[in-house]
Amino acid sequence: MKRISLAAVLFSLISLSAFGFSEKDIISPAPGTWCNQQALVLSSSNASEIYYSLTGSDPFVSGFAYDGPVLIEKKGAVRVRIGVVETDGIKKEFVIDYTVMPAVLSELDEETSAFAEKHLVKTPLITYRSGSECSLPSGIRYSFEKSRAPFLRQKLTLQHKNFFERYASFFATDGFNNYHSVIRIVPDETAGVEKKYGLPFSITDWNTFTFTDRKFIYQIDDEMWDSNCSEKFLGREVEHVIRWQSVEFAENSTVYEYVLPAIPEVKSANLGNGLVSFSLPEDKNYTFETGEKTVFAEAFFGEETEGSFVPKIYLDGNLCGTISVSYRLDLLAPEVPVISASGDSTFSRKTLALKVECSDEAKIFYAVSEPVYYEESKDIAGDIEIAMPENFTEYDGSDIVIESTEDKSCACKVFVYAVDAAGNASKVVDYLYIIDEFNFYVAPSSESEKADGSFMNPFVSFEQVVAAINSSEGGTRIHLKGDITVNGGEHAITKDCVIHGNGWKLTFAEGASLAVENASVKIDRCSFEKHADSQSLLCRIENGAVSFDDCEIAGFYREDGKLFEVKKSEVSFVDCGITLSANRIAVCGEISGGTLNASGNRFTAIGQSASALKIVNAEASFESNLFTLIGGICKGVDLTGGSISFAGDVFNGQSDGKYRNSGAVFRNGGCKVTGLNSTLANGF
């Protein structure tokens, strides 16, 4: 007896039919406005019947039966209705509304225009053969997901291993026109079946057995021998033994035997990078249409798709039937995670509590950089380099807390990325966070609703600045980012601070003034301007310490005017310009008690009575200052008591000479003065 042992296997995955026909099975058309005609392309394996209407009519009543891709030659507003009868008899209907408008190619470069016209505008179907490369012009961006704006620029390429034909939805833009097309993906070459083994019977649809050679009689397992050539149902849950011999029975007739195995398991493996393999057991003789025991499915970069595959299965070269199986290909990286911070800000004065979310179902990994500490604030995003840590931690949903552990301003970055179930990783993105207890910014054109004094959302008023200074524990640094108008009353600073003017101006309106009480304040590169009727100070300093460095200070009064009034304080002016103009009495500043140090300054006073400084019972030191007095009575420095020293100062007076009490240094007595011989006085 000759025994022929053959093997069988079924390419088996979970069938999508269990889930029914859904919107995912509608590959085209897509809702939206497109600059090319659309095609009707459906995945039909999850339905027994599909009907469609291109006129908006009921597809079950007057529609066409769907049996393959259809070009929809309609422009303008189009409504497609799809009626589906699923395998269990349930009916469903889907409606897709879209608009086709003319493409504008004249705005495109020559290469992009030619590609768009040939491959996008004129046809909604693009054929791609596996193993080839399809290069797109640099002006074209694309995606395979309508939920993702076109962002890819890579070549379209799949390995030669990709086996089966399928369709992929394709969204593209050239910057002016939006397109929706369908890519038809075909294998790299025509499938070929291995050499066919001759058998006197056939198997169709797996369970239909037909004995075809009337010269033989046959036996199935232990049944009676038979010569009936009509179709029989043959269950395939177990293996069967098929025997046959010649009708002309003889004692030495050869009995042939054929083992038809039960349907075995097919093993699938995710090989990563969007590649899935499906393998048949080596000890069986079932093959796919290629004659191979292993076939591959592959995704384009940026593609995530699932569908039904209906391969032909052969046994020793004989077609046994087709089977619908599901597949899922995923080479689409998840969306990058998004971090939300407490207070909805990337800035905090103390600590920040962060939450991380990802729109896709993906694992999130994060890393927090080492903090970078700095004294003076700046545009951190551009000026400080922050290295990405080597090790990342999987995010568990709890708060990521960032805080400064030193008495300094702190900047750090949080780096995050996501990994989906297929192993695709998003790009790593970083978010900059600043914890800054000390630096405050003010700019006139900021959004007041978001103003928190940070670099990103500066204060909008000087009132907010003073409030921030006084509510701190001291040591704050104020940074001007534009000219500011100061309104309403006296604004008293009572905590230590530094004000960096950065060349911008503070303009004090009528009735508005600055005060420093029991605090140390340093001011640099700031302009001050005051306009008033009379007797309205620019600045009052009491029991404090204030220094002005490289500042411009000017006041304009209609009657009497005084810029500064200083009591029992330490005040210094270095490289400043101080100007006061008043119609009557003009006094730049009055210092009572305490100390004054002035070097490299320009003092200018203009009025009927013009005096740069009035000093009462204070210690003052002057070096290399220029005093200019213009008026009827001109006094450079008016001294009463105290101890004063000069070193290389220059006094220029422009007086009409009517008043005898004019002078560069005017002493009322009881005042110790040194260094007068080093000064130069003109016009007194």
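This report looks at the largest pocket and some of the salt bridges in a predicted model.

**The pocket**

Let's start with the empty space. The largest pocket holds about 1400 Å³. Its lining is made up of 46 residues, and the ones that lie nearest the centre are K24, I27, Y167, T305 and E306. What kinds of residues make up the lining, by class? There are 23 nonpolar residues, along with 14 charged and nine polar ones.

Several strands chip in to build this lining. At least two residues each come from strand 2 (26-28), strand 9 (91-100), strand 14 (166-173), strand 26 (304-309) and strand 29 (325-330). Which strand gives the largest share? That would be strand 26, with six residues.

**A salt bridge between two pocket residues**

Two of the residues nearest the pocket's centre, K24 and E306, are also partners in a salt bridge, with their closest N and O atoms 3.2 Å apart. E306 sits in strand 26, while K24 is in the loop between strand 1 (2-5) and strand 2, so this pair ties together parts that are 282 residues apart in sequence. Is K24 buried or exposed? K24 has 59% relative accessibility, and because the cut-off for exposed is over 50%, K24 counts as exposed. E306, at 29%, counts as partly exposed.

**Two more pairs**

The structure holds 25 salt bridges, so here are two others to find on the model. R540 pairs with E490, their closest N and O atoms being 2.9 Å apart. This pair links distant parts of the chain: R540 belongs to strand 48 (residues 539-542) and E490 to strand 42 (residues 490-493), 50 residues apart. R540 has a relative accessible area of 17%, and since buried means under 20%, R540 is buried. Its partner E490 is partly exposed, at 43%.

R602 and E552 also meet through their side chains, at 2.5 Å from N to O. R602 lies in strand 54 (residues 602-616) and E552 in strand 50 (residues 552-557), so this bridge ties together parts that are 50 residues apart in sequence. Both partners are partly exposed, R602 at 41% and E552 at 36%.

Some bridges share partners, too: K24, E304, E306 and R328 are joined into one network that way.

Here are the three pairs in one place:

| Pair | Closest N to O distance |
|---|---|
| E306 and K24 | 3.2 Å |
| R540 and E490 | 2.9 Å |
| R602 and E552 | 2.5 Å |

How values were computed:
Residues are numbered from 1 along each chain as its sequence is written. This is a predicted model: local features need pLDDT of at least 70, side-chain atom pairs count only at pLDDT 80 or more; totals for chains, interfaces and linings use all residues. Side-chain values use heavy atoms; hydrogens and water are left out. On a 1 Å grid over the protein atoms alone, a cavity is a set of points where a 1.4 Å probe fits but cannot get out, and a pocket is an open set with protein on both sides within 12 Å along at least five of seven lines; lining residues have an atom within 4 Å of a point. Grid points are joined across faces, edges and corners, and a volume is the space filled by probe spheres set on the points. Helices (H or I, at least four residues) and strands (E, at least two) are DSSP runs, numbered from the N terminus. Ala, Val, Leu, Ile, Met, Phe, Trp, Tyr, Cys and Pro count as nonpolar, Asp, Glu, Lys and Arg as charged, and the others, Gly among them, as polar. A salt bridge is a side-chain nitrogen of Lys or Arg within 4 Å of a carboxyl oxygen of Asp or Glu. Buried means under 20% relative accessible area, exposed over 50%, partly exposed in between (1.4 Å probe, protein chains only).
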